[in-house]
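User: I should like a close look at one part of this structure, set in the context of the whole chain. Please keep the account connected and give the criteria behind each term.

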Amino acid sequence: MVKKISENEFKDSVKSGYSVVDFSATWCPPCQQFKPIFEDAKDRYSGQIEFKTIDVDAEKELAQQFNITSIPAIVF
């Protein structure tokens with residue numbers, strides 16, 4: 001399972017190497033449809049790339065910093 005993280009956890013994790021971040025929300029049907037695809041990529045590239053999920057409702061300021069205007073949004 002891809003772990004949802006806070007802004008501080010995000011800043012720490014991206015310092016360590018490559019990360020793919022999914023900005024999403026629990027109420028978003030396209031986000032929920034994308035979730036299994038993201039999980040599959042996480043499993044496929046385990047140990048090579050970090051996969052994280054940011055809940056845009058819980059981390060509004062972080063989403064704004066990345067200019068997230070629609071979800072799901074993927075940032076590498």
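Which pattern does the chain follow when it is read along the sequence? Please then examine strand β1 (residues 19-24) closely.

Analyst: This is a predicted model, in which local features need pLDDT of at least 70 and side-chain atom pairs count only at pLDDT 80 or more, while totals for chains, interfaces and linings use all residues. Residues are numbered from 1 along each chain as its sequence is written, and side-chain values use heavy atoms, with hydrogens and water left out.

Along the sequence, the chain follows the pattern α-β-α-β-α-β. This comes to three helices and three strands; helices (H or I, at least four residues) and strands (E, at least two) are DSSP runs, numbered from the N terminus.

The three strands form an open sheet of mixed pairing, in the order β2-β1-β3. β2 (50-55) and β3 (73-75) are the edge strands; each has a single partner strand, so one side of each is left without a neighbour in the sheet. From one strand to the next, the twist averages 20 degrees (axes are lines fitted to C-alpha atoms, for helices over the stretch in contact, and angles run from 0 to 180 degrees between N-to-C directions). In general, strands of a sheet pair through backbone hydrogen bonds, either parallel or antiparallel. Here β1 and β2 pair in the parallel sense over six bridges, where two strands count as paired if DSSP finds at least two bridges between them. Among the bridge partners in β2 are Phe51 for Val20 and Lys52 for Val21.

Strand β1 is mostly covered, with six of its six residues buried. Buried means under 20% relative accessible area, exposed over 50%, and partly exposed in between (1.4 Å probe, protein chains only). Ser19, Val21 and Phe23 point one way from β1, whereas Val20, Asp22 and Ser24 point the other way, and all are buried. For the chain, buried residues make up 36% of the 76 residues.

Two of these β1 residues, Val21 and Phe23, belong to the largest nonpolar core, where they are joined by Ala25, Cys28, Cys31, Ile54, Val56, Leu62, Ala63, Ile68 and Ala73, for 11 residues in all. Such a core is a set of buried Ala, Val, Leu, Ile, Met, Phe, Trp, Tyr and Cys residues joined through side-chain atoms within 4.5 Å. The elements that give two or more residues to this core are β1 and α3 (60-65). One core member, Val56, touches Phe23, Ser24, Ala25, Ala63, Ile68 and Ile71, not counting residues up to four places away in sequence; a contact means heavy atoms within 4.5 Å. Of the contacts in the chain with a separation of 6 or more, 76% join residues 24 or more positions apart.

The core also holds Cys28 and Cys31. Cys28 counts as buried at 3% relative accessibility, and Cys31 is buried with a relative accessible area of 3%. The disulfide count is zero, a disulfide being a pair of cysteine sulfur atoms within 2.5 Å.

Beyond the core, Lys60 lies in helix α3 and is exposed, with a relative accessible area of 52%. The loop between α3 and β3 contains Asn67, which is exposed at 62% relative accessible area and has a positive phi of about 55 degrees although it is not a glycine. Pro72 is also placed in the loop between α3 and β3, and the peptide bond from Ile71 to Pro72 is cis, with omega near 0 degrees.
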